[in-house]
Each structure stands twice: as structure tokens, then as C-alpha cells.
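Reader: I would like a close look at one part of this protein, the strand β-hairpin region, and then a connected account of how other parts of the model are arranged. Please keep to what can be read from the coordinates.

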Amino acid sequence: MERYVIAVGKRQRVLAGTAVLLGCALTLTACGGGGDSSDASSDVSGKKGSEGSSSEARIKLAAKNGSDGASINTGGNVTVSGGKLTEVTMRSVQSGSAVEGSIAGNGKSWKPSDQLERATQYEITAKAKDGEGRKAVENATFTTVSPDNSFIGTYAGEDDATVGVGMPVSFTFDKQITDKKAVQSAIKVSSTSGQEVVGHWFGADRLDFRPEEYWKAGSKVTVKLDLDGVKGGEGITGVQEKTFHFTIGRAQVSTVDVKKKTMEVERDGKVIKTIPISAGSAKNPTYNGAMVVSEKHKETRMDGQTVGFGRKGAEGYDIPDVPHAMRLSTSGTFIHGNYWGAPFGEGNTSHGCVGLKDEQGAKSTTTDGAWFYDNSMVGDLVVVKGSPDKTIQPSNGLNGWNMDWSEWKAGSAV
């Protein structure tokens with residue numbers, strides 16, 4: 001299934017893709033392992049201008065000549081004092097391709113247009129003149145941090161998206177984090193609602209943020225990653241530096257009553273529709289609890305082989321075109337349209353999903369499945385009650401709302 005991500009700094013899909021590679025990921029940057037600054041005075045001060053005197057221009061390269069762990073965000077940056085930059089050239093040693101960049105309007109700095117690649121060697125030459133026209137030059141060759149020595153967090157969402165009131169800020173890291181305090185401290189989440197936002201660690205590779213209650217409708221959430229150079233553990237350094245945002249839409253919470261076999265859709269405190277449903281059978285009941293819509297698919301394949309039911313036999317299935325499907329858990333719980341038949345409003349017969357009456361082809365706009373799909377967004381909540389099954393685990397999907405506030409705060413590293 002697709003999963004939206006932003007690996008920040010450089011957008012990517014993960015899906016597990018992202019940052020705002022957040023990225024984004026999106027696809028969640030820079031590392032600071034060997035990215036020490038180098039003052040150009042060592043080989044500039046001896047250069048002579050046309051009058052035989054030294055140039056007062058002092059060029060400073062962010063990455064030290066010969067370093068092998070330079071930042072992918074700032075390693076190519078150049079500044080100058082006592083003069084102005086006249087030319088900066090930079091290229092990848094491996095590919096020979098030039099790195100595009102621009103000199104600031106005041107002539108005091110230059111930086112690449114895009115984030116640098118990891119584990120790549122670069123050559124850079126910067127030239128400047130002082131007020132008397134005397135020239136200065138600085139050169140360096142450096143290598144950016146490698147993937148083995150860096151970590152990236154993939155954000156389970158999209159930059160600038162509008163989402164439901166249940167959407168947490170959730171990061172999954174590609175390395176095991178041992179210094180959780182350092183990493184969590186470098187991620188700031190704030191909301192125009194003024195709600196307190198606290199992080200909670202699920203193991204060593206996932207960190208979620210949420211307020212005590214659902215986000216306030218209409219509020220704007222800002223996430224700032226300042227992981228560039230942060231040590232996440234022995235031999236691994238953060239490479240993400242990015243700020244991204246999302247907006248909370250209207251407040252929609254849909255309550256599935258397994259015993260009544262109905263779902264009430266409540267928006268901004270008012271019930272706008274009651275829909276007959278078919279939940280999980282007695283043998284395969286639906287989880288109880290608050291579940292966040294994490295993905296939407298107009299059509300998707302559902303293969304029993306992927307969740308332990310197989311494709312044949314009494315419990316097997318393989319449906320290539322399930323309409324209007326929305327994921328509620330990592331383990332495979334969906335709320336989706338059903339065209340192959342179920343006793344909607346009268347019986348619970350599914351393998352654990354919540355089924356709504358629909359038509360094959362996902363072209364209808366009037367069926368219950370189509371209506372609910374069109375009126376839902378990622379981050380909306382579906383709350384299941386009355387099922388004989390247990391409450392869903394908070395880490396199974398984006399479902400941290402099933403943990404009380406004191407327990408949630410106890411899982412914070414700061």
C-alpha cells in the first residue's frame with residue numbers, strides 16, 4: 001500500500017517514500033560529522049593585488065578541505081567578509097556535473113540551489129574582491145556524510161496538506177535511535193490552537209507527536225526539524241533541516257457501533273449521516289478504539305495472503321478492485337466499499353474491516369461507500385465500539401489516541 005511520506009530536505013516517497021522528505025518523505029537536511037568551517041585566511045592573506053598588497057577579502061567555506069562527513073544542507077555554503085564574491089564554481093567529483101547555486105544580492109554569500117547528495121565528493125572554488133579590486137581565492141574538496149553514518153526520519157503525511165483532527169506528527173527513522181532526547185529535542189511541533197504538543201517514542205525508530213485532545217478544527221500546525229548534525233547514536237548523525245506545515249480541516253469523527261451495525265458520521269459536533277455497516281465476524285472481529293485514516297485508495301487490491309488468511313478456502317480471498325478503501329491500521333484494517341455482498345445493517349461478516357455498500361468499479365457517487373470516501377480525508381477518525389475484540393494497539397497505525405495522556409507523556413524523552 002502506498003504511504004505518504006516526506007523525507008524532509010529532499011522529498012521522497014516511502015510509503016515509507018517522505019520531509020515538509022518531509023521530506024517528505026516529505027520526505028524529514030544535513031549532517032555535521034566532518035563539516036567543520038574553514039577560514040580562508042590561511043591562503044588568502046598571502047595573495048597580492050595589482051598594487052602588491054594583500055586582499056582584505058576573507059572567504060569562508062562551510063566544509064573543511066578534506067573533510068569526509070560534511071553537511072548535505074550547508075556543506076557547500078560560502079561567505080566572505082571584507083569584500084564581495086565574484087564567482088563560485090562547484091562540481092561533483094564522481095559525475096563531473098556542476099552544482100547550481102547563486103550569489104546573494106549583497107555579494108556576501110553563495111549556496112547551492114538544491115540539497116547535496118550523501119556520500120558524494122565535491123570540489124568548490126570561490127573567488128572574491130575587496131574594495132580596492134584585489135582578488136582572493138579559496139578551494140576545497142570534501143565528501144558529504146554517508147547513508148551508513150546518518151539517519152533520516154520519514155513523516156507519515158504531506159507538506160501543506162489539510163488533514164483531519166486526528167492526524168499525529170509521526171516520524172519513522174531508518175536507524176535505531178539511542179539518544180532519543182537529542183533527537184526529540186531537535187523536532188519542534190506547535191499549533192495556532194495553543195495546544196500543548198508532546199512526543200512519544202514507540203520503540204527506538206518511531207516518534208509521534210500529538211496534543212492531549214484532538215487538534216482544534218481550523219488550526220495550523222508547524223513542524224520544524226533541526227536534526228542537521230544531531231547525534232542519534234553511536235556513529236549516526238541527522239541530515240534533516242526543514243520546516244513544514246499542515247492545516248486541520250473540519251472536525252469529523254465517525255462512530256461504528258458493531259452491535260447496532262451502524263456508523264454515525266459526526267462533523268463539527270453534528271451528526272450528518274447514519275450508515276448501515278458490516279463489521280468483523282465473531283471469528284474475525286474488528287478492533288475497538290479510535291483509528292485514524294492514514295491512506296485513501298479509490299480502488300485497491302486486498303489479498304488474504306498478506307494478512308494470514310490465504311487466497312483460497314473458507315477464509316481466503318483475493319479481491320483486485322476493492323472500491324473506496326481507507327486504511328485504519330498497519331495490520332490491515334480498512335473501512336471500504338463492498339460490492340460482493342454483505343448484510344449491511346443486519347450482520348457482521350468481514351475479516352475485521354468495516355464494510356459499506358458499494359458498486360464495482362468505484363465510479364458511483366451515490367453509494368454509502370462512495371459518499372463516505374468523498375466526505376473523508378486523511379487524519380479523520382473512525383471510532384469503533386461494541387466489538388468483542390480488544391482495543392487496537394496505539395502503535396498499530398497512527399492510533400496513539402488510544403493511550404491516555406499520562407502514559408503518552410511518560411513515553412517522551414524530554
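Author: What follows begins with one strand and its partners and then moves on to the cores, two loop residues and the largest pocket. The model is predicted, and every value below is computed from it.

Strand β7, residues 121-129, has two faces that differ in cover: Y122, I124, A126 and A128 make up the covered face, while Q121, E123, T125, K127 and K129 lie on the uncovered one. In a regular strand the side chains alternate between the two faces of the sheet. On one side, β7 pairs with strand β4, residues 84-92, in the antiparallel sense and over eight bridges, and within this pairing M90 stands opposite I124. Strand β8, residues 135-143, is also antiparallel to β7 and is joined to it by nine bridges, with N139 in β8 as the bridge partner of T125. β7 and β8 form a hairpin with five residues between them, and in that turn G133 has a positive phi of about 85 degrees.

Before β7 comes a loop that starts after β6 (109-112), and A119 lies in this loop. Most residues other than glycine have a negative phi, and most peptide bonds are trans. A119 is not a glycine, yet its phi is positive, at about 55 degrees; with a relative accessibility of 37%, A119 counts as partly exposed. D268, in the loop between β21 (262-267) and β22, likewise has a positive phi, of about 50 degrees, although it is not a glycine.

Turning to the interior, the largest nonpolar core holds 36 residues, of which F171, F173, I187, V189, V223 and L227 touch the most other members. Several strands give two or more residues to this core, including β12 (169-173), β13 (187-191), β16 (220-226) and β23 (289-292). Another core, of 24 residues, lies apart from it and has I59, V80, W110 and V239 among its members. In soluble globular proteins, nonpolar side chains tend to be buried together. Within the 36-residue core, V189 offers a detailed example: beyond four places in sequence, V189 touches V169, V197, F209, W215, V221, T222 and V223.

Two asparagines in loops are also buried. N288, in the loop between β22 (270-276) and β23, has a relative accessible area of 11% and is therefore buried, the cut-off being under 20%. Leaving aside neighbours within four places in sequence, N288 is in contact with V384, K385, G386, S387, D389, K390, T391 and I392. N288 and P388 are 100 residues apart in sequence, but their C-alpha atoms are 8.1 Å apart in space. N399, in the loop between β28 (381-385) and α4 (405-410), counts as buried because its relative accessibility is 0%. Among the residues that N399 touches, again beyond four places in sequence, are A290, M291, V292, L328, S329 and I392.

Finally, the largest pocket has a volume of about 660 Å³. Its lining consists of 33 residues, and Y317, G332, H351, G352 and C353 are the closest to its centre. β24 (295-303), β25 (318-327) and β26 (334-338) each supply at least two residues of that lining, which by class comprises 13 nonpolar, 16 polar and four charged residues.

How values were computed: Residues are numbered from 1 along each chain as its sequence is written. This is a predicted model: local features need pLDDT of at least 70, side-chain atom pairs count only at pLDDT 80 or more; totals for chains, interfaces and linings use all residues. Side-chain values use heavy atoms; hydrogens and water are left out. On a 1 Å grid over the protein atoms alone, a cavity is a set of points where a 1.4 Å probe fits but cannot get out, and a pocket is an open set with protein on both sides within 12 Å along at least five of seven lines; lining residues have an atom within 4 Å of a point. Grid points are joined across faces, edges and corners, and a volume is the space filled by probe spheres set on the points. Helices (H or I, at least four residues) and strands (E, at least two) are DSSP runs, numbered from the N terminus. Ala, Val, Leu, Ile, Met, Phe, Trp, Tyr, Cys and Pro count as nonpolar, Asp, Glu, Lys and Arg as charged, and the others, Gly among them, as polar. Buried means under 20% relative accessible area, exposed over 50%, partly exposed in between (1.4 Å probe, protein chains only). Contact means heavy atoms within 4.5 Å. A nonpolar core is a set of buried Ala, Val, Leu, Ile, Met, Phe, Trp, Tyr and Cys residues joined through side-chain atoms within 4.5 Å. Two strands pair if DSSP finds at least two bridges between them.
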